[in-house]
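Okay, thanks for making room for me on the agenda. Let me pull the structure up and walk you through it.

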Amino acid sequence: MGEKRVSRWYFGGIASCGAACCTHPLDLVKKSGDIVFGFLGTKTAGAQAVPERHRHVRTRLWRFALEDIARMQNDMKLPPELRRNYAHALDGLFKVWRQEGIRKLFSGATMASSRGALVTVGQLSCYDQAKQLVLGTGVMSDNILTHFLASFIAGGCATILCQPLDVMKTRLMSSKGEYSGVMHCLKETAKLGPLAFYKGLVPAGIRLIPHTVLTFLFLEQLRKNFGIVIIS
C-alpha cells in the first residue's frame, strides 16, 4: 500500500497570495505603464497592494477550491486633478458607493468575470494537461522542474486566452461613457483590427506567467508537505 497527498481546499488561495506578493511590482508596471513608478512605488502604489491581496484571497481561494477594486489600480492613469487618491481598499469601496452609486462598483463586471473564467481554464486545465504530457515522456519525474515547465506553459495559455477580454475590460472600466455596453466596446475594438485585442500581450505575459509559475510551485510544495494523506 502506498500513500499520496492531496491539496487542502484553501491551498490555492495561500499559494496565489504568495505568488502575488512576489509579482505585485510587475502588476503595477502592467497597469500603470510606468516602470520607474511600478518598481520604486509611492504611497498610492502601496495602497494599491492592499486590494490586490484582497482580490487574490477572494478569487483564487475559491477558484482553486470549487476580480476587483480595479478602480484603485486605474486611479494613477487619471490626470492629477481627477485622481481619487483612495487611502485603502475600504476607503475606495465606500467613496465609490457614496459618490457614484452601488452600480458603479460593478462597472466592467461582465468582462472581469469572463476574464477570470478564462484565466482559470488556462491555468488549471492547461497545467494538468502540460504536467501529464511532461510526465508521459518518461524523461522527467514529478519534481519542481516539471512543475515549473508545466506552469510556464499554463501561464502562456492563460495569457493568450484572456488577453482579448482583458483589453475590453480595461476599455470598459476606464471609459468615460464612450461605450453603451459590452457589444459596443467589442465592435469598436474590432474596428482597429485583430491585433487590437492583443495590445499589451507582452506586459500581460510578463505579469501573468511568473504569477502562474509561482502559484503552482507554491501549491505543489504545500500539497507535498502539508497535504491530506490518502492511502492507496
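Let's start with a cysteine. Cys185 has a relative accessibility of 0%, so it counts as buried. Before I go on, a reminder that what you see is a predicted model. Now compare Cys185 with Cys21: that one sits at 53% relative accessibility, so Cys21 counts as exposed. How many disulfides does a search of the whole structure find? Zero. Cys21 is in no disulfide, and its nearest cysteine sulfur belongs to Cys22, 6.6 Å away. With a cut-off of 2.5 Å between the sulfur atoms, that distance of 6.6 Å doesn't qualify.

Okay, the overall picture. The chain has nine helices and two strands. If you read along the sequence, the pattern goes β-α-α-α-α-α-α-α-α-α-β, so to speak with a strand at either end of the string. There are 232 residues in the chain, and 41% of them count as buried. For the surface people: the accessible surface of the chain is about 12,600 Å², and 67% of that belongs to carbon and sulfur atoms.

Now the aromatics. In general, you describe a pair of aromatic rings by the distance of the centres and the angle of the planes. Here the count comes to four aromatic pairs. One of them is Trp9 with Tyr10, which is edge-to-face, at 5.6 Å centre to centre and with 90 degrees between the planes. Tyr10 itself is partly exposed, because its relative accessibility is 32%. Ring pairs also bring in Phe11, so that Trp9, Tyr10 and Phe11 are linked into a cluster.

Then there's another pair I want to show you, Tyr127 with Phe216. Is it stacked or edge-to-face? The ring centres are 3.9 Å apart and the planes are at 5 degrees, so this pair is stacked. The two residues come from distant parts of the chain: Tyr127 is in helix H6, residues 109-136, and Phe216 is in helix H9, residues 201-226, which puts them 89 residues apart. Both Tyr127 and Phe216 are buried.

Keep H6 and H9 in mind, as we'll meet them again with the charges. Side chains of opposite charge can pair when their charged atoms come close. This structure holds five salt bridges. Take Lys131 and Asp142: their closest N and O atoms are 3.6 Å apart. Lys131 lies in helix H6, while Asp142 is in the loop between H6 and helix H7 (144-174), so this salt bridge ties together parts that are 11 residues apart in sequence. How accessible are the two ends? Lys131 has 13% relative accessibility, so Lys131 counts as buried, and Asp142, at 44%, counts as partly exposed.

Over on H9, Arg223 forms a salt bridge with Glu220, and there the closest N and O atoms are 2.6 Å apart. These two are three residues apart in helix H9, so about one helical turn separates them. Glu220 is at 6% relative accessibility, which means it counts as buried. And here's the bit I like: through salt bridges that share partners, Lys131, Asp142, Glu220 and Arg223 are joined into one network.

There's also Glu188 with Lys191, at 3.1 Å between the closest N and O atoms. Glu188 is partly exposed at 28% relative accessibility, whereas Lys191 is exposed, with a relative accessible area of 64%.

One polar residue to look at as well: Gln163, in helix H7. Buried or exposed? Gln163 is buried, with a relative accessible area of 3%. What does its side chain reach? The side chain of Gln163 gets to the backbone oxygen of Lys199, at 2.7 Å.

Last stop, back out on the surface. Have a look at Leu90, Leu93, Phe94, Trp97, Ile102, Leu105 and Phe106: they form a nonpolar patch, and together they have about 680 Å² of accessible area. Trp97, one of that group, is in helix H5, residues 89-100. Trp97 has a relative accessibility of 46%, so Trp97 counts as partly exposed.

That's my tour. Happy to rotate the view if anyone wants another look.

Key. Residues numbered from 1 in each chain as written. Predicted model: local features only at pLDDT ≥ 70, side-chain atom pairs only at ≥ 80, totals over all residues. Heavy atoms only, no water. Phe/Tyr/Trp six-rings, centres within 6.5 Å; stacked < 30°, edge-to-face > 60°. Buried < 20%, exposed > 50% of the residue type's maximum accessible area, 1.4 Å probe, protein only. Helix = DSSP H or I, 4+ residues; strand = E, 2+ residues; numbered from the N terminus. Patch = residues over 30% accessible without salt bridge, like charges linked within 9 Å, V, L, I, M, F, W, Y side chains within 5 Å. Areas by Shrake-Rupley, 256 points an atom, 1.4 Å probe, with all protein chains shown as cover. Salt bridge = Lys/Arg side-chain N within 4 Å of Asp/Glu carboxyl O. Polar contact = N/O pair within 3.5 Å; in protein donor to acceptor, adjacent residues only side chain to side chain.
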